[in-house]
There are 2 protein chains.
Amino acid sequence: MRIEVLNTGTELLLGGVLNTHLQFLAQALFPLGLRIERQVTVPDGEAIRTALAETFGRAGVVLITGGLGPTTDDITREAVAELLGMELVHDETVMAAIERRFARRNLTMSPRNRRQAQRPAEAIILHNSNGTAPGLYIAERAVGAQVAPHLFLLPGPPRELQPMVTEQVLPILEKLMPVRPAFEMRMVRVAGVGESAVEELIGEQLLSLGLELGYCARPGEVDVRTIGHPHVLAEAERIIVAKLGPHIVSHDQRPLEKVLVDLLTGRGETLAFAESCTGGFLAHRITNVPGASAIFLGGYVTYANAVKTSAVGVDANLIEQHGAVSEPVARAMAEGARHAAKADYALSTTGIAGPDGGTEEKPVGTVFIALARKNGETLVEKHRFPTDRKTFKDLVSLTAFEILRRHL
Amino acid sequence: MRIEVLNTGTELLLGGVLNTHLQFLAQALFPLGLRIERQVTVPDGEAIRTALAETFGRAGVVLITGGLGPTTDDITREAVAELLGMELVHDETVMAAIERRFARRNLTMSPRNRRQAQRPAEAIILHNSNGTAPGLYIAERAVGAQVAPHLFLLPGPPRELQPMVTEQVLPILEKLMPVRPAFEMRMVRVAGVGESAVEELIGEQLLSLGLELGYCARPGEVDVRTIGHPHVLAEAERIIVAKLGPHIVSHDQRPLEKVLVDLLTGRGETLAFAESCTGGFLAHRITNVPGASAIFLGGYVTYANAVKTSAVGVDANLIEQHGAVSEPVARAMAEGARHAAKADYALSTTGIAGPDGGTEEKPVGTVFIALARKNGETLVEKHRFPTDRKTFKDLVSLTAFEILRRHL
């Protein structure tokens, strides 16, 4: 049964809001063996009706987001009712739930919220635990000579839509399409090797197994996605490990920072950072991982040279002599951070993020990354990432984390 | 002229990647008076051709993203050429540029990259300064009985697409649609007041001016979007300032961290952080602003209690007595960071991000934020943000920055 997503909302097409619905819905549906075949965004108003009518006879299920609010530009309910030739009725149960919600928060209900208690006559209510607008489900039916798909009308705000999908929409879809998925998806994350090189190493061999293969490249990383029968995927995994072994970061979509937290937790070891050009991004990424406090002791964002000296004890003469962006300073930062935080390992970064500050000898994008280890050895790598400020931070943090991972 | 966006990529419909193209393109086009009327996502393969054929006769311009890579699932070039009945030719200039790119990085070119030098015969090359795949522009033309829209084929990675759009696509669109926009868009960013409260304060009065009004709420912030004739927008601005004055962060979409860097630069003052629960996110946000080094001296990510003591001198007894998440510790962290970095101001955060670590007295989401100032005064605020880890960091950093902004 073909599944489509229809996102409504002028704000999406003006760029005021990032549309995260497709990603959430795709990830929620895949474990049921379901895929989204097409996603469309239209502005509020007449375009909703046009786009929805196009799905008749083509799609089996359409998930519609947005346009269920209390204001006059929220017309999804009306558009659907009209297209299906169904009356809009006032639902007393919904009205009571909305009134309770306002009362609980000591807020006065606006007369506009009455609109949210309307539903196409044969729609089934999907309860909204995080907002006033209920979702609606209308089963497949003939409309004139065509077949209208199963329609799910869902609220626009992600924190209202997401629990509604998980708790109420997925169970309905499972009943509609009860076949268990024969296919599984695997994702292997690879660092430090380009997309075309990855395909050259594994592409033909994997495709000859008869699976579905895809690549997704981000700065410094490539995800290799395989979809197929589990026994074929196991064979594919063996090929990927044989060809890409040391470059493999994870087999389960864990980001690199989570891999590090898991590895260090298992070893009972600890970590610290001294960051200059990454400006706290290493620490931010590591502390995004729940449970990071078991291994991460602290970070020193030594942006000013004086703080490099006062916080992690870098000799001011060293900075004077070699410059802040240099091999000896990176080394001293890592060793100083390890010492100051009493950690087993410390990573340091010092570089020129740009857009300004480059010189002929050290152009924008130059960076030194050091790893100080508890055996007393420190290694320093020099890289150059001439790019924008954000990508620079991405690449430097990824490279630093990879250096640590390979030395654990 | 109707503009549509066609995003291609199986990974988008599997949820592996978040689609940020629509937001970027919408924001890039609006200043030219252009709006996107529809956005469609389809998987790699045959669906690209179907979706593109549907735009013939309907759209004037279609911006197509993705499918220009070197791998076998990248078929946008082929699909477009076939649909237009145009030959694919090998472009020597593009080939040379790709070869130079590999040589510059000391990488070996894969034979697969040769595919990226192919273009439909009448396509114009859009140079890619951040990747191997050039973009392509094919002007509007008759295809059989229909009119094919102006087509722009753009690479999927945002860092390749974005400069290409800004530098090469927009100038072409300006020539195609040279009418200057009569309408402008303004965005006022507001912090510390909810979306419905914002609407209640200004909604009716603004709508009575006859402009287009929209709200976009993020955790802790609301953007108020107005579209209309410049003189109406000026009147709207006066109303917004009168009603929301102290809550206004910026009138020009500058994020709060940029507002702080600008304010402190103007005053010649400096800043430091001591972060526990935000784990480096304050420092990361500030150092995302080019020129932050003029005002930001350093940050201390004092995750472990011992590092709170060693890095910013928090008395271990204070932590013992009140707990790390407490008013006195927040105060000592801010004052200690200000002292250690020799900064004019220091912000500190200490709280319980969750998902674990909460107690009855200090449940998950509890946070203390302190601001130490050069006049010797320190203020501490207690907040509670019971939410996910990522939103918690967003809200705490926003609140901390707002506390500083209001005291400058």
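I started with a helix pair in chain A: H2(A) and H6(A) pack at an angle of about 30°, their axes lying 11 Å apart. The model I am reading is a predicted one. Angles under 35 degrees count as roughly parallel, and I therefore put H2(A) and H6(A) down as roughly parallel to each other. I noted the crossing of H2(A) past H6(A) as right-handed.

I then listed who makes the contact. From H2(A) I have A:His21, A:Phe24, A:Leu25, A:Ala28 and A:Leu29. From H6(A) I have A:Pro158, A:Leu161, A:Gln162, A:Val165, A:Thr166, A:Leu170 and A:Leu173. By type I get nine nonpolar residues, three polar and no charged.

Next I looked at the cover of H2(A), residues 21–29. I found the helix mostly covered, with seven of its nine residues buried. I wrote these down as A:His21, A:Leu22, A:Phe24, A:Leu25, A:Ala26, A:Ala28 and A:Leu29.

What do the buried residues of H2(A) pack against? Within chain A, I found strands E1 (3–8), E2 (36–42) and E3 (61–65) as well as helix H6 (158–176). From chain B, I added helix H1 (10–13) and strand E2 (36–42).

With chain B in the picture, I checked how the copies are related. A turn of 180° and a shift of 1.5 Å along the axis lay chain A on chain B with an RMSD of 1.9 Å. I recorded this as the relation of a two-fold axis. I also noted that the same surface serves both copies, as 84% of the contact residues of chain A recur in chain B.

Last, I asked which residue of chain A comes closest to the rotation axis. I found A:Val40, with its C-alpha at 2.5 Å.

Conventions. Residues are numbered from 1 along each chain as its sequence is written. Chains are lettered from A and ligands numbered from 1 in the order in which they are written. This is a predicted model: local features need pLDDT of at least 70, side-chain atom pairs count only at pLDDT 80 or more; totals for chains, interfaces and linings use all residues. Side-chain values use heavy atoms; hydrogens and water are left out. Buried means under 20% relative accessible area, exposed over 50%, partly exposed in between (1.4 Å probe, protein chains only). Helices (H or I, at least four residues) and strands (E, at least two) are DSSP runs, numbered from the N terminus. Contact means heavy atoms within 4.5 Å. Copies are superposed by least squares on the C-alpha atoms of residues with pLDDT of at least 70 in both. Axes are lines fitted to C-alpha atoms, for helices over the stretch in contact, and angles run from 0 to 180 degrees between N-to-C directions. Angles under 35 degrees count as roughly parallel, over 145 as roughly antiparallel, 65 to 115 as roughly perpendicular and the rest as oblique. A crossing is left-handed if the near helix is turned anticlockwise from the far one by less than a right angle, and right-handed if clockwise. Ala, Val, Leu, Ile, Met, Phe, Trp, Tyr, Cys and Pro count as nonpolar, Asp, Glu, Lys and Arg as charged, and the others, Gly among them, as polar.
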